[in-house]
Amino acid sequence: AGLPPWSAQQLPSMVAVLDPYFAMLRPLSAHPRFKDVSRGHMFAATYDMGGDWIKYFAAIGEVAPGINENTALESYSSGPPWVVERTDFQAMVPLWGDYTDKMDARESLLLNEQYSFMMAAVNQSVPMLPDGNTMVVSNPGAYREVWTGKSDPAQWNQAYLLHYCVSVEYNGWHWHK
């Protein structure tokens, strides 16, 4: 696993990991934090993953990092899009794959890959930059997203991505993950 062969000609400075069920509302590169992606700092969307996911290190026989649940929540509880500096990404990918395999062997869960990516980020000390809550809208009840705590739909148009993680129906149209 790693970078695609076509990137060998000119190595990218950063890598973006996206979900196939995103609708781009505007370019991620237009986000003010995009320019801050650098070694040891990823740009990522905040997700409702909590902080207790760090228990998975021990559950798969790995040494748990020296962080607490609050740090796990505030600095690493993320999801796609993940925009990571290339060398950080290359260091994280083998861990991400290994952790995912170990998690799946333990119990097959929908979010194992996401937990495993966060674990790889912790292992490599690549926390997310602030303002990850300004990137995505998905589940109307989600915490730490563009529309969290905002009842005015006009404020929701600040999102960069629409994440189809739930079934949505509008005027006879249906979208599903």
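A salt bridge here is a side-chain nitrogen of Lys or Arg within 4 Å of a carboxyl oxygen of Asp or Glu. By that test, a search of the whole structure, a predicted model, turns up nine salt bridges. The close-up views below show several of them, along with the helix, strands and core around them.

**View 1. Helix α3 spans the length expected for its residue count.** The helix covers residues 86-106, 21 residues in all. At 1.5 Å a residue it should span 30 Å, and its end C-alpha atoms are 30 Å apart, so the two values agree. There is a bend of about 30° at M92. A proline, P94, follows within four residues.

**View 2. Several elements cover the buried side of α3.** Buried residues of this helix include R86, D88, F89, M92 and V93. Also buried are L95, W96, Y99, T100 and M103. Among the elements covering them are β1 (14-17) and α1 (55-59). β4 (78-85) and α4 (112-123) also contribute to the cover.

**View 3. W96 sits among the best-connected members of the largest nonpolar core.** This core has 43 residues. M42, W53, W82, W96, F117 and M119 touch the most other members. Two or more residues come from each of β1, β3 (43-46), α1, α2 (69-76), β4, α3 and α4. Leaving aside residues up to four places away in sequence, W96 touches V17, W82, F89, E113, S116, F117 and A120.

**View 4. Strand β4 pairs with β1 and with β3.** β4 is mostly covered, with eight of its eight residues buried. β1 runs antiparallel to β4, joined by four bridges. β3 also pairs with β4 in the antiparallel sense, again over four bridges. W82 of β4 has V17 opposite. A44 also stands opposite W82.

**View 5. Strand β1 has a covered face and an uncovered face.** In a regular strand the side chains alternate between the two faces of the sheet. In β1, V15 and V17 make up the covered face. M14 and A16 make up the uncovered one. M14 stands opposite E85 in β4.

**View 6. A salt bridge between D88 and R39 links distant parts of the chain.** The closest N and O atoms of this pair are 2.5 Å apart. D88 lies in helix α3, and R39 lies in the loop between β2 (22-24) and β3, 49 residues apart. D88 has a relative accessible area of 5%, so D88 counts as buried. R39 counts as exposed, because its relative accessibility is 54%.

**View 7. K102 and D98 form a salt bridge within helix α3.** Their closest N and O atoms are 3.3 Å apart. The two residues are four apart in sequence, about one turn of the helix. An α-helix has 3.6 residues a turn, so residues three or four places apart point the same way. K102 is partly exposed, at 28% relative accessible area. D98 is partly exposed too, at 30%. Elsewhere, salt bridges that share partners join R33, K35, D36 and D131 into one network.

**View 8. K55 and D52 form a salt bridge.** The closest N and O atoms are 3.4 Å apart. K55 is partly exposed, with a relative accessible area of 47%. D52 is partly exposed at 37%.

Methods: Residues numbered from 1 in each chain as written. Predicted model: local features only at pLDDT ≥ 70, side-chain atom pairs only at ≥ 80, totals over all residues. Heavy atoms only, no water. Expected span 1.5 Å × (residues − 1). Bend = angle between axes of the 7 residues up to and from the residue. Buried < 20%, exposed > 50% of the residue type's maximum accessible area, 1.4 Å probe, protein only. Contact = heavy atoms within 4.5 Å. Core = buried A, V, L, I, M, F, W, Y, C linked by side-chain atoms within 4.5 Å. Pairing = 2+ DSSP bridges.
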